[in-house]
Amino acid sequence: MRTGDYKQTYGELVALVDSPPVWLWSVVLVLALIGAPYALNAYALSFVTIILITVVGALGLNILTGYTGLISLGHVGFLVTGAYAYAILVSKYQMHPLVGFLGAGVVPALASLIVGAPSLRLKGLYLAITTLAFSFIINTVILEARTLTNGARGIAVQRPELFGISFDSDVAFTWLCLGFAIATLFATLNIRRSRVGRAFVAIRDNDTAARVMGINLHAYKLLAFVTSAFITGISGALYGIYLSFVSVEGFPFLLSIEALAILIVGGLGSALGAVLGTVLIVLLPEATRLVFSLFSAQMDALFSTGAQELKSMLYGLAIILFLRFQPRGLVGVWHDLRRTWVHWPLRY
Amino acid sequence: MQYFTQLVISGLAIGAIYGLIAMGFAVIYKSTGLVNFAQGEMTMIVAYIAWTISTTVSGNLLVVTIAAIIAAVVLGLVVERLVMRPMLGEPLFATVMVTIGLAVILRSSINFIWDAYPHGLDVGFGRDIVRVGTIGVRTGQIAVIATLLVLLAAIWAFFRYSKFGVAMRAVAADDRTALLMGISAPRVHAAAWAASSVIAGIAGVFFAISYDLSPAMFQLGLKAFPATILGGLDAVLGSGVGGLLIGITENLAGGYFGSGMKEVAGFLMIIVVLMIRPFGIFGDRDIERV
Amino acid sequence: MNKYLASASLLFASVLLSDGPTLAQQGITDTEIVIGDVEPLTGPPALLGVAASIGHKIAIAEANNAGGINGRKIKYVLEDDGYVTARTIQGVKKVIEVDKAFAMLGISGSGQSIAVMPVLEKAGIPTVIDVAPVKFLWEPPRKNVFVVGQSYEEGIIHLVKYLADKNPNKKWGLITQDDDYGITVRDGFDSVVKEKKLKVVYSGNYKKGQQDFSSDMLQLKDSGAEVFLAGGIIAENIAMMKELEKLNVKPVTGIFWPGRVEPVLKLMGPAGDGIYAVDYVEPFAGEAGKAFLEKAKPLVSEAEFKGINRYTMSGYAAAKVLISAIERCGKQPTWACTISELEKTKNVETGVMAPISFGPGVRFSNQKLQIIRADFSTLSFKPVN
């Protein structure tokens with residue numbers, strides 16, 4: 001019987017998982033996801049794909065917002081930069097898709113360097129403001145750089161072929177996304193365990209103390225921002241491939257907000273939270289549809305008169321309610337459940 | 001020269017609207033320390049309510065104005081009481097995200113309650129064109145510039161002389177000390193939200209008179225945001241002036257470099273401002289560097 | 001009659017043979033047939049999405065009131081994409097995979113329909129597109145995707161040529177939106193400029209969602225343009241016309257069909273009087289338009305009736321074409337048959353636009369265009385001859 005969280009060595013504190021069964025269940029989950037495409041129809045599968053792509057982006061933002069405590073209101077800017085970098089390299093210049101993915105990470109990372117260097121020197125909401133500005137400016141840049149980006153025409157993107165495997169079918173593409181999601185998950189979990197990750201968290205929790213401990217605030221904040229942009233860019237490339245067509249239109253400002261909502265709903269600063277939040281936010285429209293159909297089977301008449309907007313309103317409401325009543329997010333709910341399960345029938 | 005003058009004048013007209021909304025941002029920031037990302041949406045809602053009143057009750061200018069102000073006060077108070085007050089004491093990030101959630105809800109309510117068609121707000125005023133030489137301005141545009149100036153003066157006097165204004169400044173400066181001095185912070189917050197909603201609402205109504213109502217109107221909030229950064233997030237008067245400056249900059253950029261530049265001119269300006277004077281032209285110099 | 005029966009049974013037999021054991025196609029039961037659609041129903045683009053869906057509903061209600069398609073009632077499944085491309089893709093997948101639609105109408109904006117082409121092609125579901133006809137949708141022709149309408153490019157060419165012939169040797173101004181729609185408008189315009197050697201003195205490009213057009217219109221005025229092509233959609237065109245009124249200039253103005261909805265004229269005020277527009281659907285002020293409204297009134301709710309605009313007409317026409325094709329397939333319609341019947345569509349009258357035809361390898365109905373002109377006194381568009 002597990003009795004509590006006793007950590008006796010530093011090694012235990014930074015362990016990837018806190019108990020062996022977690023490994024077992026993770027493997028089960030991964031196997032289930034690999035098998036999922038065979039059991040699900042194309043519609044359900046598209047949710048799995050979207051969730052996996054979004055998880056990559058959410059984990060990227062989590063490094064910045066969750067670990068380091070900095071807000072970005074324009075992460076869609078890095079998403080679109082990544083998608084364009086991939087599309088230009090692969091579709092226009094016929095480079096290898098792996099080069100494309102690398103570019104999709106590096107180009108946004110460079111952009112984040114430019115945005116981050118001046119604004120990260122300031123405390124408070126300033127990064128949020130600059131990133132917001134960036135996400136609008138980058139759209140104009142993309143539209144103006146016609147020779148490179150085709151301007152408003154956009155670029156068509158084919159599903160890639162890697163290591164001799166074609167990822168053209170929906171099933172194979174889901175696996176590709178799964179691969180990226182797992183890799184990102186491991187990367188962010190390991191960053192969190194490392195010296196760098198602990199520095200990020202120290203900055204978030206108390207920047208004065210962090211500085212006293214010898215952490216170069218500006219450098220580490222910038223590092224968090226660049227890493228975050230790199231991962232988000234790769235998610236953007238996957239998203240572009242999923243859309244099969246990269247244009248500024250496909251990346252509305254709303255995605256920035258959605259990414260933040262994912263972190264809040266999931267639980268800030270936790271990789272598990274980012275995953276849970278993604279699942280909930282992506283499935284939220286589907287869930288509200290379900291709720292609606294419970295109330296009445298004849299919603300069709302209402303659909304044309306604006307009841308559709310109710311769904312987006314519920315989305316906003318979900319953000320507010322989570323912040324108000326469950327600020328620790330889904331991951332908090334999960335921890336509570338787990339504790340109750342382990343300690344039952346005792347309370348503590 | 002005439003081209004330039006006309007650009008500046010139409011820049012002032014749209015800039016006055018940005019300025020009003022920017023003042024709305026600043027009023028809330030100054031008294032509660034947070035950026036209200038639902039400012040543009042509140043602007044839009046008040047304008048739509050004014051339009052509903054003008055088409056159902058009376059198109060009289062006075063009736064619409066008074067009703068719109070009442071509606072704005074109610075909106076501000078309801079938002080503060082139901083959404084913001086429960087968040088008192090929560091981390092800044094959470095509170096700011098709540099305003100984003102609020103923005104999503106308000107934005108959707110437009111199509112839910114009204115529709116997606118553009119509408120004209122007709123109060124029998126503001127559409128006529130005044131011509132000086134070859135330069136034309138609508139009366140509504142003159143009125144909004146005048147309103148901005150009057151409000152700037154009124155707000156300056158309010159913060160300087162009225163007891164409540166001083167109380168608001170006290171809460172902004174140090175809410176705990178203010179509390180000990182017997183100032184009710186919730187009441188100050190409520191007043192700030194109501195005031196911000198009214199100022200933004202006025203901007204919305206004027207925009208609807210000079211231009212039109214459409215569900216895309218919330219973007220005014222995004223356009224006004226650079227104005228408040230330029231003027232200083234905590235400077236109510238500065239934000240008003242910042243609006244005028246952004247309006248002129250945008251129009252000059254559009255007039256001399258083309259429309260592509262016009263829409264991002266404000267955002268480019270934000271970046272420049274943050275680099276050289278992050279607290280804005282009129283803001284308090286208490287920015288911490290790291 | 002006998003001959004008809006014979007050919008029907010022949011067709012039936014050939015369908016049986018070609019499709020083998022999987023006779024029952026998805027989306028069909030003994031009493032029902034499902035038609036799917038994905039449109040923007042939220043946010044500002046709802047203006048076109050909702051209107052188009054109302055058009056589909058009118059045609060479907062009409063067919064159902066007449067007993068359905070060979071006894072089967074049509075069930076209409078409508079999904080919202082909020083004009084977000086990823087959600088359009090998901091919506092189409094849902095309609096096909098979960099709701100098991102038999103055929104599709106729609107679909108959302110131009111960028112969105114381009115993005116769902118691979119999905120539609122892979123599924124092979126008969127689809128009639130009506131909202132945003134752009135060249136990428138029928139070039140190259142896809143077996144199962146049909147487009148009712150006329151390309152933006154052709155529309156602009158028609159309008160510009162008309163205005164050029166009417167106003168020879170004048171200076172031209174143009175402003176377009178900075179997206180794929182704007183690019184197509186610009187391409188069309190440029191091709192006429194080359195052909196007719198027009199003198200273009202102003203060429204602007206505005207950002208999607210722009211609300212203040214003062215500097216753009218001032219540039220237009222400053223350039224001395226006498227003929228002006230306003231490439232805005234709805235709110236943008238209104239703002240431009242009002243700005244021109246303020247600047248005290250009134251060039252000959254042409255607008256494009258996405259902006260041609262009647263409330264626009266009211267909002268433009270006198271400034272909008274006499275502007276030209278091009279479209280392939282009938283104006284509501286004409287005989288055909290009035291008849292359409294008359295027909296629509298009992299079939300839709302009051303709120304829906306208010307939402308009717310030109311997209312309702314194009315949606316109605318597309319739904320009509322699809323329904324009649326399925327109908328011609330007889331008792332057991334299949335995808336293969338519906339597609340071949342759609343291909344055989346020849347001069348189908350819809351009452352809202354010129355007769356519609358497709359053909360072997362022709363997936364685009366290439367509707368006839370007409371020039372119409374705004375009349376402020378009646379707040380309507382009237383045909384020009």
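Select domain 1 and domain 2 of chain C in this predicted model, and place a marker at the centre of each, taken over C-alpha atoms: the two centres are separated by 33 Å. To colour them apart, use residues 2-150 together with 288-343 for domain 1, and residues 153-279 for domain 2. Where the two domains of chain C meet, eight residues of domain 1 are in contact with 12 residues of domain 2. The side that domain 1 of chain C contributes here is made up of two nonpolar, four polar and two charged residues.

Next, stay in chain C and show its strands, where an open sheet of five strands can be followed in the order β2-β1-β3-β4-β5, with parallel pairing. Which strands of chain C stand at the edges? They are β2 and β5, the latter covering residues 145-147, and each has a single partner strand, so one side of each lacks a neighbour in the sheet. On average, neighbouring strands of the sheet are turned by 20° against each other, if direction is ignored.

For a closer view of one pair, select β4(C), residues 127-129, together with β5(C), which run in the parallel sense and are joined over three bridges. Within this pair, Val128(C) has Phe146(C) as its bridge partner in β5(C). Then add helix α12 of chain C, residues 310-328, which packs on the sheet and touches β1 (32-39), β3 (103-106) and β4 of chain C. The direction of α12(C) makes about 165° with that of β3(C).

Now bring chain A into view beside chain C, where 28 residues of chain C are in contact with 25 residues of chain A. On the chain C side, at least two residues each come from α2 (46-65), β2 (73-80), α3 (85-97), α4 (110-123), α6 (180-196) and α11 (302-306). Of these, α3(C) gives the most, with seven residues. Coloured by class, this side of chain C shows 13 nonpolar, seven polar and eight charged residues.

Finally, hide chain C and select chains A and B, between which 34 residues of chain A are in contact with 32 residues of chain B. The elements of chain A to highlight, as each gives two or more residues to the side that touches chain B, are α5 (97-119), α6 (126-144), α11 (217-243), α12 (254-266) and α14 (300-325). Which element of chain A gives the most to this side? That is α14(A), with 12 residues. The residues of chain A on the side that touches chain B divide into 21 nonpolar, seven polar and six charged.

Conventions:
Residues are numbered from 1 along each chain as its sequence is written. Chains are lettered from A and ligands numbered from 1 in the order in which they are written. This is a predicted model: local features need pLDDT of at least 70, side-chain atom pairs count only at pLDDT 80 or more; totals for chains, interfaces and linings use all residues. Two residues are in contact if their C-beta atoms, placed from the backbone, lie within 7 Å. Helices (H or I, at least four residues) and strands (E, at least two) are DSSP runs, numbered from the N terminus. Ala, Val, Leu, Ile, Met, Phe, Trp, Tyr, Cys and Pro count as nonpolar, Asp, Glu, Lys and Arg as charged, and the others, Gly among them, as polar. Two strands pair if DSSP finds at least two bridges between them. Axes are lines fitted to C-alpha atoms, for helices over the stretch in contact, and angles run from 0 to 180 degrees between N-to-C directions. Domain bounds come from an automatic or database domain assignment.
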